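Visitor: I would like to learn how to read a protein structure, one feature at a time. Where should we begin?

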Amino acid sequence: MYNRPQLIQLFHQRALKFGDFTLASGKKSTYYLDGKQISLYSQGLRLVSHGLLDLLSDIPFHAIGGMTIGADPIVGGVLVAAAERNIELDGFLVRKEPKDHGTQRYIEGPVRPGTNVVVIDDVVTTGGSALQAVDRIVEFGCNVICVVGIVDRKEGGGANFAARQLPFRSLLTIEDFGIVPPVPSAD
(Lines give C-alpha, C1' and ligand atoms only; values in the text may rest on other atoms or scores of the structure.)
Protein backbone atom coordinates (compact mmCIF):
# COMPACT_ATOMS: atom_id res chain seq x y z
CA MET A 1 0.00 0.00 0.00
CA TYR A 2 2.92 2.38 0.68
CA ASN A 3 4.92 3.19 -2.41
CA ARG A 4 7.90 5.35 -1.46
CA PRO A 5 9.01 6.22 -5.04
CA GLN A 6 5.45 7.24 -5.87
CA LEU A 7 5.31 9.54 -2.82
CA ILE A 8 8.62 11.15 -3.80
CA GLN A 9 7.29 11.68 -7.33
CA LEU A 10 4.11 13.29 -5.95
CA PHE A 11 6.19 15.70 -3.87
CA HIS A 12 8.15 16.67 -6.98
CA GLN A 13 4.94 17.17 -8.97
CA ARG A 14 2.79 18.91 -6.36
CA ALA A 15 4.66 20.16 -3.31
CA LEU A 16 8.31 21.07 -3.98
CA LYS A 17 8.80 24.68 -5.04
CA PHE A 18 11.99 26.68 -5.60
CA GLY A 19 12.49 30.40 -4.93
CA ASP A 20 12.99 32.58 -1.86
CA PHE A 21 10.88 31.52 1.11
CA THR A 22 10.58 32.26 4.81
CA LEU A 23 9.67 29.13 6.77
CA ALA A 24 7.44 28.87 9.85
CA SER A 25 10.66 28.58 11.87
CA GLY A 26 11.71 32.01 10.57
CA LYS A 27 14.56 30.49 8.56
CA LYS A 28 15.11 31.53 4.94
CA SER A 29 15.15 28.83 2.28
CA THR A 30 15.58 28.46 -1.47
CA TYR A 31 12.97 25.70 -1.55
CA TYR A 32 9.60 25.07 0.04
CA LEU A 33 7.77 21.82 0.67
CA ASP A 34 4.02 22.42 0.86
CA GLY A 35 2.94 19.26 2.68
CA LYS A 36 -0.74 20.14 2.37
CA GLN A 37 -0.47 19.63 -1.40
CA ILE A 38 0.13 15.98 -0.53
CA SER A 39 -2.08 15.47 2.54
CA LEU A 40 -5.06 17.19 0.88
CA TYR A 41 -4.78 15.03 -2.25
CA SER A 42 -6.45 11.61 -2.19
CA GLN A 43 -3.53 9.57 -3.53
CA GLY A 44 -0.98 11.51 -1.49
CA LEU A 45 -2.91 11.06 1.74
CA ARG A 46 -3.34 7.33 1.06
CA LEU A 47 0.42 6.89 0.53
CA VAL A 48 1.31 8.95 3.60
CA SER A 49 -1.22 7.22 5.85
CA HIS A 50 -0.15 3.69 4.99
CA GLY A 51 3.51 4.73 5.04
CA LEU A 52 3.14 6.13 8.55
CA LEU A 53 1.45 2.96 9.81
CA ASP A 54 4.29 0.89 8.33
CA LEU A 55 6.92 3.25 9.81
CA LEU A 56 5.30 3.01 13.25
CA SER A 57 4.49 -0.71 13.19
CA ASP A 58 6.90 -1.46 16.06
CA ILE A 59 5.81 1.49 18.25
CA PRO A 60 3.25 0.73 21.02
CA PHE A 61 0.90 3.70 20.59
CA HIS A 62 -2.86 4.10 20.85
CA ALA A 63 -3.41 7.60 19.40
CA ILE A 64 -1.88 9.89 16.80
CA GLY A 65 -2.25 13.64 16.49
CA GLY A 66 -0.61 17.00 16.05
CA MET A 67 -1.14 20.72 15.64
CA THR A 68 -4.29 21.71 13.84
CA ILE A 69 -4.58 22.52 10.88
CA GLY A 70 -1.56 20.80 9.35
CA ALA A 71 -2.13 17.50 11.15
CA ASP A 72 -5.89 17.35 10.53
CA PRO A 73 -5.94 15.49 7.19
CA ILE A 74 -3.01 13.27 8.16
CA VAL A 75 -4.68 12.16 11.39
CA GLY A 76 -7.91 11.41 9.51
CA GLY A 77 -6.06 9.47 6.84
CA VAL A 78 -4.07 7.41 9.34
CA LEU A 79 -7.27 6.56 11.23
CA VAL A 80 -8.95 5.32 8.05
CA ALA A 81 -5.85 3.32 7.03
CA ALA A 82 -5.71 1.82 10.54
CA ALA A 83 -9.39 0.81 10.32
CA GLU A 84 -8.69 -0.88 6.96
CA ARG A 85 -5.98 -2.91 8.74
CA ASN A 86 -8.27 -3.64 11.71
CA ILE A 87 -6.06 -1.58 14.04
CA GLU A 88 -7.75 0.24 16.94
CA LEU A 89 -6.46 3.82 16.99
CA ASP A 90 -7.67 7.20 18.24
CA GLY A 91 -6.80 10.60 16.88
CA PHE A 92 -6.36 13.99 18.50
CA LEU A 93 -5.76 17.55 17.40
CA VAL A 94 -3.91 20.22 19.32
CA ARG A 95 -5.26 23.77 19.14
CA LYS A 96 -2.97 26.79 19.10
CA GLU A 97 -5.37 28.45 21.57
CA PRO A 98 -7.95 26.76 23.81
CA LYS A 99 -11.60 26.90 22.79
CA ASP A 100 -13.35 29.91 24.29
CA HIS A 101 -16.53 27.86 24.84
CA GLY A 102 -17.52 24.33 25.83
CA THR A 103 -14.60 22.38 27.32
CA GLN A 104 -12.06 25.21 26.75
CA ARG A 105 -9.35 22.62 26.00
CA TYR A 106 -6.26 22.61 23.82
CA ILE A 107 -6.76 18.92 22.96
CA GLU A 108 -9.63 17.67 20.80
CA GLY A 109 -10.50 14.04 20.34
CA PRO A 110 -11.16 10.88 22.35
CA VAL A 111 -7.61 10.61 23.74
CA ARG A 112 -7.34 10.26 27.53
CA PRO A 113 -4.57 11.03 30.03
CA GLY A 114 -2.13 8.13 30.29
CA THR A 115 -2.45 7.18 26.60
CA ASN A 116 0.70 6.43 24.59
CA VAL A 117 0.64 8.79 21.61
CA VAL A 118 2.57 9.69 18.48
CA VAL A 119 2.83 13.34 17.45
CA ILE A 120 2.75 13.99 13.69
CA ASP A 121 3.97 16.92 11.59
CA ASP A 122 4.04 17.15 7.82
CA VAL A 123 7.34 18.94 7.16
CA VAL A 124 9.88 19.12 9.99
CA THR A 125 12.48 21.89 9.97
CA THR A 126 13.38 22.79 13.57
CA GLY A 127 10.52 20.79 15.05
CA GLY A 128 8.94 23.82 16.73
CA SER A 129 5.37 23.02 15.76
CA ALA A 130 5.66 19.37 16.78
CA LEU A 131 7.30 20.35 20.08
CA GLN A 132 4.42 22.72 20.79
CA ALA A 133 2.03 19.80 20.22
CA VAL A 134 4.21 17.60 22.46
CA ASP A 135 4.06 20.16 25.26
CA ARG A 136 0.27 20.42 25.05
CA ILE A 137 -0.40 16.69 24.93
CA VAL A 138 2.04 16.00 27.79
CA GLU A 139 0.38 18.77 29.80
CA PHE A 140 -2.91 16.97 29.09
CA GLY A 141 -1.40 13.82 30.62
CA CYS A 142 -0.41 11.62 27.67
CA ASN A 143 2.91 9.86 27.03
CA VAL A 144 4.61 10.85 23.76
CA ILE A 145 6.25 7.68 22.48
CA CYS A 146 7.50 9.07 19.15
CA VAL A 147 7.41 12.13 16.91
CA VAL A 148 6.99 11.44 13.21
CA GLY A 149 7.20 13.61 10.11
CA ILE A 150 6.38 13.10 6.49
CA VAL A 151 9.55 14.94 5.41
CA ASP A 152 12.56 15.86 7.53
CA ARG A 153 14.33 18.93 6.13
CA LYS A 154 17.30 17.92 8.35
CA GLU A 155 17.68 21.41 9.78
CA GLY A 156 17.69 20.69 13.50
CA GLY A 157 14.35 19.03 14.19
CA GLY A 158 15.87 15.64 14.90
CA ALA A 159 18.42 17.15 17.30
CA ASN A 160 15.72 19.18 19.06
CA PHE A 161 13.62 16.05 19.56
CA ALA A 162 16.66 14.09 20.77
CA ALA A 163 17.42 16.86 23.30
CA ARG A 164 13.98 16.13 24.78
CA GLN A 165 14.50 12.32 24.64
CA LEU A 166 11.82 12.03 21.95
CA PRO A 167 12.40 9.35 19.30
CA PHE A 168 11.91 10.78 15.79
CA ARG A 169 11.20 9.12 12.47
CA SER A 170 10.26 10.42 9.04
CA LEU A 171 8.96 8.85 5.86
CA LEU A 172 11.31 10.93 3.72
CA THR A 173 14.17 13.39 4.09
CA ILE A 174 15.06 16.34 1.92
CA GLU A 175 17.88 14.22 0.51
CA ASP A 176 15.23 12.04 -1.18
CA PHE A 177 14.59 15.05 -3.46
CA GLY A 178 18.28 15.51 -4.30
CA ILE A 179 18.64 18.49 -1.95
CA VAL A 180 21.64 18.64 0.37
CA PRO A 181 20.68 19.95 3.83
CA PRO A 182 22.60 22.99 5.08
CA VAL A 183 25.61 22.44 7.28
CA PRO A 184 24.67 23.26 10.89
CA SER A 185 26.15 26.54 12.08
CA ALA A 186 28.53 26.54 15.04
CA ASP A 187 26.65 29.16 17.08
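Guide: Let us begin with a definition: a residue counts as buried when its relative accessible area is under 20%, as exposed when it is over 50%, and as partly exposed in between. Please keep in mind that this is a predicted model.

Visitor: Is N86 buried or exposed, then?

Guide: N86 counts as exposed, because its relative accessibility is 72%. N86 lies in the loop between helix 4 and strand 4 (90-94), and although N86 is not a glycine, it has a positive phi of about 60°.

Visitor: Which other residue that is not a glycine has a positive phi?

Guide: One of them is K154, whose phi is near 60°, and which is found in the loop between strand 7 and helix 6 (157-163). With a relative accessible area of 36%, K154 is partly exposed.

Visitor: How should I read a nonpolar core?

Guide: In soluble globular proteins, nonpolar side chains tend to be buried together. Here the largest nonpolar core has 36 residues, and F11, L33 and F177 touch the most other members. Among the elements that each supply at least two residues of this core are helix 1 (4-15), strand 2 (28-33) and helix 3 (42-55). Another core, of 19 residues, lies apart from it and includes A63, M67, V119 and F161.

Visitor: Which residues is F177 in contact with, leaving aside its neighbours within four places in sequence?

Guide: With those neighbours left aside, F177 is in contact with I8, F11, H12, L16, L33, V151 and L172.

Visitor: What can I learn from a single helix, such as helix 5?

Guide: One can look at its span and then at its buried residues. Helix 5 (residues 128-140) has 13 residues and reaches 18 Å from its first C-alpha to its last, close to the 18 Å expected at 1.5 Å a residue. Its buried residues are A130, L131, A133, V134 and I137. Seen down the axis of helix 5, these buried residues fall within an arc of 155°, so they line one face of the helix. They pack against several elements, including strand 3, strand 4 and helix 6, and just after helix 5 comes G141, which takes a positive phi of about 115°.

Visitor: Where is there a cis peptide bond?

Guide: The peptide bond from T68 to I69 is cis, with omega near 25°, and I69 has its place in the loop between strand 3 (63-67) and helix 4.

Definitions and conventions
Residues are numbered from 1 along each chain as its sequence is written. This is a predicted model: local features need pLDDT of at least 70, side-chain atom pairs count only at pLDDT 80 or more; totals for chains, interfaces and linings use all residues. Side-chain values use heavy atoms; hydrogens and water are left out. A nonpolar core is a set of buried Ala, Val, Leu, Ile, Met, Phe, Trp, Tyr and Cys residues joined through side-chain atoms within 4.5 Å. Buried means under 20% relative accessible area, exposed over 50%, partly exposed in between (1.4 Å probe, protein chains only). Helices (H or I, at least four residues) and strands (E, at least two) are DSSP runs, numbered from the N terminus. Contact means heavy atoms within 4.5 Å. The expected span of a helix is 1.5 Å times one less than its number of residues. The arc is that of the directions from the helix axis to the C-beta atoms.
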